[in-house]
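User: Please take one part of this structure and describe it closely, with the cut-offs behind each term you use.

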Amino acid sequence: MKMAALCSEFGDLVEIKKQLISVISLCKERGLLHSAKWASELAFALDPLPKDELPPSPPFTEEDAQDLDALTLAKSYFDLKEYDRAAYFLKGCCSQKAYFLYMYSRYLSGEKKKDDETVDSLGPLEKGQVRNEALRELRVELSKKHTAGELDGFTLYLYGVVLRKLDLLKEAVDVFVEAIHALPLHWGAWLELSNLVTNIEMLKSLSLPDCWIKDFFMAHMYTELQMIKEALQKYQNLIEAGFSKSTYIISQIAVAYHNIRDIDQALALFNELREQDPYRIDNMDTFSNLLYVKSMKPELSYLAHNLVEIDKYRVETCCVIGNYYSLRSQHEKAALYFQRALKLNPRCLGAWTLMGHEYMEMKNTSAAIQAYRHAIEVNKRDYRAWYGLGQTYEILKMPFYCLYYYRKAHQLRPNDSRMLVALGESYEKLSQQVEAKKCYWRAYSVGDVEKMALLKLAKLHEQLNESDDAAQCYMLYIQDIFSCGEQLEHAEVSTALRYLGQYYFKNKLYDEASLCAQRCCDYNDAREEGKALLRQISQVRDQIETPSADLFAPLSNNNTPVRRVSPLNLISFTP
């Protein structure tokens, strides 16, 4: 059923609500609480069903009746996290439900032992060395059942998880796709599959069931693959289809805006989310990242205190507190809270990346490298970890390594000017000037957020004695800085004016040179040079009067695609 067809027909939404209620029950019975929560939040966004429309209970087989007592007992142990005890009482049960809980209990028991051993014996940076010893046995048993065609949708999902944990990723993808076909409404299987999709080509090649939940998956994937325009369109379609009250969709749209650095829009959505769901902890670490970027210390402090009151032992809470201490430049404390988050969940991507940033601040490059590498192990699509590794190796003066990691970050964020500027700097250090020029120009073309690309490009042209191109870039740089309406802290306008003054003087364009020299006098570091140039111009003018030519014709260098610009009106600029 296509979601686009749902827009106005309440009957279809009634059917979706029925399906959600059914799958909530199935997930709860099997201890799949995150999938049950997701389906519950989505069901809550839809109108209540009348009593006669509520879905019937699933059919009860003879095997279910036979295993009922053992399953009820084991589920009570399972809920109390006594996984070995639950598995012991389920051994030998025949029903599909009991078999899943038996295998899932064994899997979670192995995971719990692995995490306990990690916390007890190792620091958070060595987590990858501890293994879940139960995985190989589970794989052998599930493989036999799989070959015999005896696995249902839930058990296929568990088989896929086991394969992923054993790094058998290709097999895991096939099994997750099979699980989704067997049980399309289980969100956990879709989510696991999303973690294994590496690019849009792979996404298009997957054979997925034509079910309404596929639209939620595609929107999620577009966000993960940084295809934000497509993701926002999908979420808008879902809102129009009847899910306008869904807090999940609001949170996903906020995350999408966060990913494209539309900070104000993302903050507005997170504030709306907090009003609708004030005790929500999910995604609050992303909210704290935005508050951190905007240096909103009181708001970040309030958020941290609020989350501590709700649940101080949640991963997101620890990350928010870590961000708060980082904003206060207390980097040791910040790293401590990110470590605490990783003790709670070693697969928390954000905590690994943020901990890498803190170690960078503390000049502990080896720990930073380890943290970033762990982030990449968790999710190879995390551009921040690749970029962080590039920065770390830059500090270590290893430009070949830098280039590799910056390239990876650029592949994930092709239109992010920061990645392109970093790439350009790496090429420059490796004396690959042509590639460096291309990167700097591309960074300017896609919208240079830090206003550094043109300056670096101009300086590179200057070093290579390509004076026409250097002048053109300095002119564009000055126009770019002043068009912002505010002076940027790092702006090197005086550098540009100094160069342009000398350039015009050499080309006997004394009016333009005089304007640049006068502007140089507004800057402490360029004042003396400005005065000296004005004296030179005055001396030359006493001797000869030269008319100004049109400097602003297109320049002749082939390496940098330079556009024709309007004449630079320095008088209109107010430094």
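Analyst: A residue is called buried when its relative accessible area is under 20%, exposed when it is over 50%, and partly exposed in between, with a 1.4 Å probe and protein chains only. The model is predicted, so local features need pLDDT of at least 70 and side-chain atom pairs count only at pLDDT 80 or more, while totals for chains, interfaces and linings use all residues. Residues are numbered from 1 along each chain as its sequence is written, and side-chain values use heavy atoms, without hydrogens or water.

I begin with Ala-409, which lies in helix 22 (helices are DSSP runs of H or I of at least four residues, numbered from the N terminus). Because its relative accessibility is 0%, Ala-409 counts as buried. Beyond its neighbours within four places in sequence, Ala-409 is in contact (heavy atoms within 4.5 Å) with Tyr-383, Trp-386, Tyr-387 and Met-419, and its C-alpha is separated by 9.9 Å from that of Ala-422, 13 residues further along the chain.

Two of those partners, Tyr-383 and Tyr-387, also belong with Arg-261, Arg-418 and Glu-450 to the residues closest to the centre of the second largest pocket. A pocket here is an open set of points on a 1 Å grid where a 1.4 Å probe fits, with protein on both sides within 12 Å along at least five of seven lines, and lining residues have an atom within 4 Å of a point. This one holds about 1,600 Å³ of space, and 42 residues line it, of which 19 are nonpolar, 12 polar and 11 charged. At least two lining residues apiece come from helix 13 (247-259), helix 15 (284-293), helix 17 (315-327), helix 19 (349-361), helix 21 (383-395), helix 22 (399-412) and helix 23 (417-429).

Helix 15 is also where Ser-288 is placed, and Ser-288 is buried because its relative accessible area is 0%. Leaving out residues up to four places away in sequence, Ser-288 touches Leu-300, Leu-303, Cys-319, Val-320 and Asn-323.

Helix 17 and helix 19, both contributors to the lining, are in turn packed against by the buried residues of helix 18. Those buried residues are His-331, Ala-334, Ala-335, Tyr-337, Phe-338, Gln-339, Ala-341 and Leu-342. With 14 residues, 331-344, helix 18 reaches 20 Å from its first C-alpha to its last, close to the 20 Å expected at 1.5 Å a residue (the expected span being 1.5 Å times one less than the number of residues).

Terms used
Grid points are joined across faces, edges and corners, and a volume is the space filled by probe spheres set on the points. Ala, Val, Leu, Ile, Met, Phe, Trp, Tyr, Cys and Pro count as nonpolar, Asp, Glu, Lys and Arg as charged, and the others, Gly among them, as polar.
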